[in-house]
2 protein chains.
Amino acid sequence: MKRNLFAVIALLFPAFIMAQTLKNPTLDELMWGGNKYWTLQPEHISTAWWGESLVRTGVDTCSLMADSRGRAVASSKAFLFNRDEVNAVLRAASPEDTLRTLQYAAFKGGKQTVVRLQSDKNLFEYDWKRRQITWMQPALRGTSYREFCAASHSTAYIKDYNLYVRTADGKDLQVSHDGSRDLLYGTSVHRNEFGIEKGTFWSPKGRFLAFYRMDQSMVTDFPLVDIEVDSTTQIAQLAPEKYPMAGMTSHKVTVGVFDPATGKTVYLDAGDPTDRYFTNVSWSPDERYIFLMELPRSQDKCELVAYSAQTGERVGVFYTETNARFVEPQHPLSFVPWDASRFIYQSERDGFNHLYVFHMEETDGKLRVSEERQLTSGAYEDLELLGFNTATRSLILVTNESGHIRENVYSVDFNTGRRTLLDNGVGVHRANLSPAGTLYTDRWSKPDVFRRMELRATARPQLMQTLQECESPWREYSMPEVKGGTLTAADGKTPLYYRLVLPVGFDPARKYPTVVYVYGGPHATNVKESWNYQARPWEYYMANRDYILFIIDGRGSGDRGFDFESCTHRHLGDVEMLDQMQGVNFLKTLPYVDADRIGVHGWSFGGFMTTNLMCTYPDVFKVGVAGGPVIDWRFYEVMYGERYMDTPQENPEGYASSSLLNKAKNLKGRLQVIVGYNDRTCLLQHSLAFLRACEDAGVQPDYFVYPGQDHNMMGQDMIHLHERITRYFDDYLKPAVK
Amino acid sequence: MKRNLFAVIALLFPAFIMAQTLKNPTLDELMWGGNKYWTLQPEHISTAWWGESLVRTGVDTCSLMADSRGRAVASSKAFLFNRDEVNAVLRAASPEDTLRTLQYAAFKGGKQTVVRLQSDKNLFEYDWKRRQITWMQPALRGTSYREFCAASHSTAYIKDYNLYVRTADGKDLQVSHDGSRDLLYGTSVHRNEFGIEKGTFWSPKGRFLAFYRMDQSMVTDFPLVDIEVDSTTQIAQLAPEKYPMAGMTSHKVTVGVFDPATGKTVYLDAGDPTDRYFTNVSWSPDERYIFLMELPRSQDKCELVAYSAQTGERVGVFYTETNARFVEPQHPLSFVPWDASRFIYQSERDGFNHLYVFHMEETDGKLRVSEERQLTSGAYEDLELLGFNTATRSLILVTNESGHIRENVYSVDFNTGRRTLLDNGVGVHRANLSPAGTLYTDRWSKPDVFRRMELRATARPQLMQTLQECESPWREYSMPEVKGGTLTAADGKTPLYYRLVLPVGFDPARKYPTVVYVYGGPHATNVKESWNYQARPWEYYMANRDYILFIIDGRGSGDRGFDFESCTHRHLGDVEMLDQMQGVNFLKTLPYVDADRIGVHGWSFGGFMTTNLMCTYPDVFKVGVAGGPVIDWRFYEVMYGERYMDTPQENPEGYASSSLLNKAKNLKGRLQVIVGYNDRTCLLQHSLAFLRACEDAGVQPDYFVYPGQDHNMMGQDMIHLHERITRYFDDYLKPAVK
């Protein structure tokens, strides 16, 4: 009798059965940083290219997966070498040393049977055929940064604020001597804007080292405080951060070139560095010239400038791009492998990021560089230039030509510009191209495919091997249905992409509390045609707690062209909010969305959006959680801030109208602001000033901080944070338990 | 019909009628800092003594209230002078100057018809009979401190870290020259412990100025940050605070004596000031000697040391008191007016604060000081020595001899020690004694009397006049019943006093959420026999929102003798919590207390107690709000911290077991920690370290900060804060609304 009743219930309510038989995932399982995260993830296959052959680099073993023509290798012939063999040879040379893993093995090209490896005590090269160490150096200690140059076996490194080079034969050459917190050498500059991610640039053959030098003595300190104390430090310590705020005095950057052979440095003769940006350091293949892209502080112009690497002489300005809003170069030059006189320049100047062929030549010792032709065009974005297939004279790149939220691999014929789709044309693909560009590994997913890893050719669309097929690791867990769709932006024409995550056991007759997750700022996207439309683990967690999640990428976000991203110029937040409200209006048409229980959550720019939405639409959003928010763009840094907002002096109205200090008084719902106490990107001043404004206005936000954390939470704090965010919505957005 | 029904309801539920007819008080009305606070308070009568006559000092008028024998003055004879008269004379001497109020008029004694007044531009003396200004000086500008000496008409003041004296004839003499943030002159020292409230001490006749000099160059800075920015300061500024933490290097204090006549300073020859405290600076009446009470850092000893004011020579140690726990001198010497060779020394050495008569004499130019006799004794506390009645040779003081939670005025016969109760023997009395000690104004209240102001004699118990009778300003508001009572401490014998605030419209058949308000630390009391047993405004507010409030003063708190207060030595929190739990156990016996909804709230030491109780009894307290809490005594300062806890090196177990960092993991209920972001007393490090511990332990406290606020909230933030505290209990302690 009981069994029958159960069967009837199961028939009528299949979700009931699911809920009974499937596990609810925990944050510890779902999130990176969780203790159980890795136990559930499918095996990660790490690979490396040995010439055009593909090697699987396991912890213990390196074995061939494909030969240089992409063909599978019989297992009997696949084995190359294992870690025990290496360690036996290593320890003979360096007692008590240990190589921990082969995963990061770097293979020499051609027929050489040599890999570069890093053990506990040494950096070395090992010939697995001869079973001998062919080169060895003690590992560097006490450095804050290192960049190894494979061509010269030299390492650039930073120690106590000064830049050094360790040569192939183990000599340590000191490049700078006056480094300090005020004067940095070899570090990333301009707060990592303009595509800058590092501060050392080896020349192609490794003979020279270009490097950044940043004088920030004139930049104000923000008084960050390190409160974490131990037995030796009873009292908190000041940990100041040089932080140039919008409109304030900025740092001064120059570029030096060090010659290890002479021990001498020349600085590029760029003139007064005040209020200028120097980015995308590029070497000519012959190591004679360095190209910089140079912007004035106003960021409305970008010049391509060549310098003599030998003398530092400014050879000339060879190309200039201007834009009334801003120019944002993000890619260094890519020299064409089969023609050292031609390089690829990337620009958004026609409205979308595309490739241009430039030609350089020397006539009577005089360098001339000129634009030759536009190679790609169309209302889509070239997202990543992976490299070149030298044999076919083509470029291999990732674009979203197949669809706004897709990322596919294409080849582009260098001469004709003809584009050929190389993959299946759907979903999102991450590619790793072989050195000569004939093959690539393709890790991809689409909304209903969790993950595939394939080996593909580039000469023509061809699947060589399927390397891995991963099913979702969540089959034994209750997981939500995720729907993708499009809406129209507030301009009445632009299509926007959204993701709707339905609660587990979704019942369309019920009304659910709904949380809008938002980022909304430049460079980023939240909705792609990848697995579950790029749903984030926390969304699965919330869907298991009877929430609907909604995410839409509005104007101002990335990958949709210059105008889509820059239409927010000088008034950040306004257009972005209008498009989020398009999403909210859509949600209100859904009978299963409880329009009285709409919440919003976002981090960083999304924290700005969340706070802004809570204060601008106080009757729409009942609950918000704003992480690391920008509150007033006056408190943000020069490079990013002035690109989108100009300076406070130039755009006082824009700064005033976007300042959430002025909107704090409108707050009605429950808003929790959460920050990393040691946030070096979006300073504590934002959230504290917002609290002060709320206190003065007599409104009541909530607040939380993570001492020791920077702009984004790391490790177990990610779990703690998401428990916290969830609890806040549980407390205030959910209907009271009956 | 409807009216009849209403009448029946009114008959059955009188509280229903009250709720209909009385107003609910707002925080803005109830609390100091609220916009409507002063509109509801009864008129404050400000008075001053003119000799033994009592003057009412209004904003506009000064008039006699009583003659020198305490008799009422006929209104026709009462008028002395008004502000318009003064301003007319003032402006003739100083154009466009204004005297704003007469409330702070300081009368010369005897028959002189002269008052000292401070106008916008001048400090001056005015003879109201002759209608002329008899002395005048421009007001000091840009000083951080001033102390005027009426005897010499000189002012000590601090400007830019240096100490100055402005003489009666307007000369500015610079006392110190090397003042800085590291080296302070004339300021309070030792973080205001040991009764220290200031740093300058004029000699009785005003010929010399003794002052503190504090070298804190060796003290670590705590990196406080001032985030409040304006148009001129876009980025937050460091505002470091010299803060010696328990066990760490402390400052060094010396005492100087400046002679304005010579411009020279001598320093008292106290020897190496390292790890020593110098307190209760007292001048001998003849200005020849300065007495200090000196303690070693261990605070287990106090020496009474005399110095020559002329030479700084250390004349001798004349009295030593020791205690294995601590000695805490809090009162300077009081010389007997009719006998310059005798002074009153106060000590807790017999277990209660009492008075001792000391004798000093010079024989052959050699000073001798000795204890003569104990003047008061008994199991009660001498709380405040108001002064002396010279005519009757008696001391006038406030004690709690009539009852632990009472404060009454007594006279003590100097020769016989006989004590005479001067007031009504109940309630709490605040007295202001006349210069010759024959009369005093007595502002008093008791649980059922809101406030009375009387004029009383000291020669014998005699009410001379009733000056003011104030009824509660809350008669038109719904106000709770407040009950007082006693319980027995966890030691099974000591009586403890509590206050129970019942909800407005109390229904004994209901079950109410209940909040324990707690301080619990030394020096303080929360329950006195004053109006409503000293109930705080917020308690009235909460009682209007259906809460019961409960407050009990346990062992470790003040006014109950040395052992009561110091039994917590080396393990702060333990005994204090046991006694709070006696209160909770009592609450659980009350049928109208909802034992599942008990909350706790406190500030400072009370924040420590709140956090401690939440983490120690996680199944008892459902919700807590901890303001400005101490979290780990290692982060508290040397003087207070080591008195009660010794150093971390001496008492590692005590520090470890009282550290809430170690207890954070036990948190189960909802706990909100609230702090002033610029708290210089209980540093931000406490709360941030607690958050870090909670995050590491995976428990979830809540947090809030008030940027710009110090240890205690000021102004409108007090209202915001109490809205916030109330909301937190509403959110989590109250039953869900049906």
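## A partly exposed leucine

Let's start with a term: a residue counts as buried when its relative accessible area is under 20%, as exposed when that area is over 50%, and as partly exposed in between. Keep in mind that you're looking at a predicted model. Now try the term out on A:L421, with its relative accessibility of 29%: that value makes A:L421 partly exposed.

Where does A:L421 sit? It lies in strand β33 of chain A, which covers residues 419-421. Setting aside neighbours within four places in sequence, A:L421 is in contact with A:S402, A:N408, A:V409, A:Y410 and A:P461. Pick out A:A524 as well: 103 residues separate it from A:L421 in sequence, and their C-alpha atoms are 24 Å apart in space.

## Two copies and an axis

Next, look at chains A and B together. Turn chain B by 180°, with 0.0 Å of shift along the rotation axis, and it superposes on chain A with an RMSD of 0.1 Å. The two copies are therefore related as by a two-fold rotation axis. Which C-alpha of chain B is nearest the axis? That of B:Y703, at 2.9 Å from it. The two chains also use the same surface: 100% of the contact residues of chain B recur in chain A.

## The core around Y703

B:Y703 turns up again inside the structure. The largest nonpolar core has 224 residues, and A:Y703 and B:Y703 are the ones with the most contacts inside it. In soluble globular proteins, nonpolar side chains tend to be buried together.

What does B:Y703 touch, leaving aside neighbours within four places in sequence? From chain A, its contacts are A:Y703, A:F704 and A:V705. From its own chain, they are B:Q672, B:V673, B:V675, B:L684, B:S687, B:L688 and B:L691.

## Two covered helices in chain A

Helix α14 of chain A runs through residues 684-697. Its 14 residues reach 20 Å from the first C-alpha to the last, close to the 20 Å expected at 1.5 Å a residue. Is α14(A) mostly buried or exposed? With 12 of its 14 residues buried, it is largely enclosed by the rest of the structure. Among the buried ones are A:L684, A:H686, A:F690, A:R692 and A:C694. Just after this helix, A:G698 takes a positive phi of about 75°.

Helix α15 of chain A, residues 717-732, has 16 residues that should span 22 Å at 1.5 Å a residue, and its end C-alpha atoms are indeed 22 Å apart. This helix is mostly covered too, with 13 of its 16 residues buried.

## Cysteines without disulfides

How many disulfides does the structure hold over all chains? Zero. Take A:C615 as an example: the closest cysteine sulfur belongs to A:C694 and is 6.4 Å away, which is too far for a bond. A:C615 has a relative accessibility of 1%, so it counts as buried. A:C567 counts as buried as well, because its relative accessibility is 18%.

## Strands in chain B

Chain B has an open sheet of four strands in the order β5-β6-β7-β8, with antiparallel pairing. At its edges stand β5 (106-107) and β8 (132-138), each with a single partner strand, so one side of each has no neighbour in the sheet. Two bridges join β5(B) to β6 (residues 114-118), and B:F107 has B:V115 as its bridge partner in β6(B).

Further along chain B, strand β27 (residues 339-347) has eight of its nine residues buried, so it is largely enclosed by the rest of the structure. Three bridges join β27(B) to β26 (residues 334-336), and the two run antiparallel. They form a hairpin with two residues between them. β27(B) also pairs in the antiparallel sense with β28 (residues 354-363), over six bridges. Here the hairpin has six residues between the strands, and B:G351 in the turn has a positive phi of about 110°. Follow B:I344 in β27(B): B:S334 stands opposite it, and B:I344 also stands opposite B:V357 in β28(B).

## A buried alanine in a loop

Finally, find B:A489 in the loop between β38 (482-488) and β39 (495-501) of chain B. Its relative accessibility is 1%, so B:A489 counts as buried. Beyond neighbours within four places in sequence, its contacts are B:T494, B:L496, B:R555, B:D579 and B:Q582. B:T392 is 97 residues away along the chain, and 42 Å separates its C-alpha from that of B:A489.

Key: Residues numbered from 1 in each chain as written. Chains lettered and ligands numbered in written order. Predicted model: local features only at pLDDT ≥ 70, side-chain atom pairs only at ≥ 80, totals over all residues. Heavy atoms only, no water. Least-squares fit on C-alpha atoms with pLDDT ≥ 70 in both. Contact = heavy atoms within 4.5 Å. Core = buried A, V, L, I, M, F, W, Y, C linked by side-chain atoms within 4.5 Å. Buried < 20%, exposed > 50% of the residue type's maximum accessible area, 1.4 Å probe, protein only. Disulfide = S-S within 2.5 Å. Expected span 1.5 Å × (residues − 1). Pairing = 2+ DSSP bridges.
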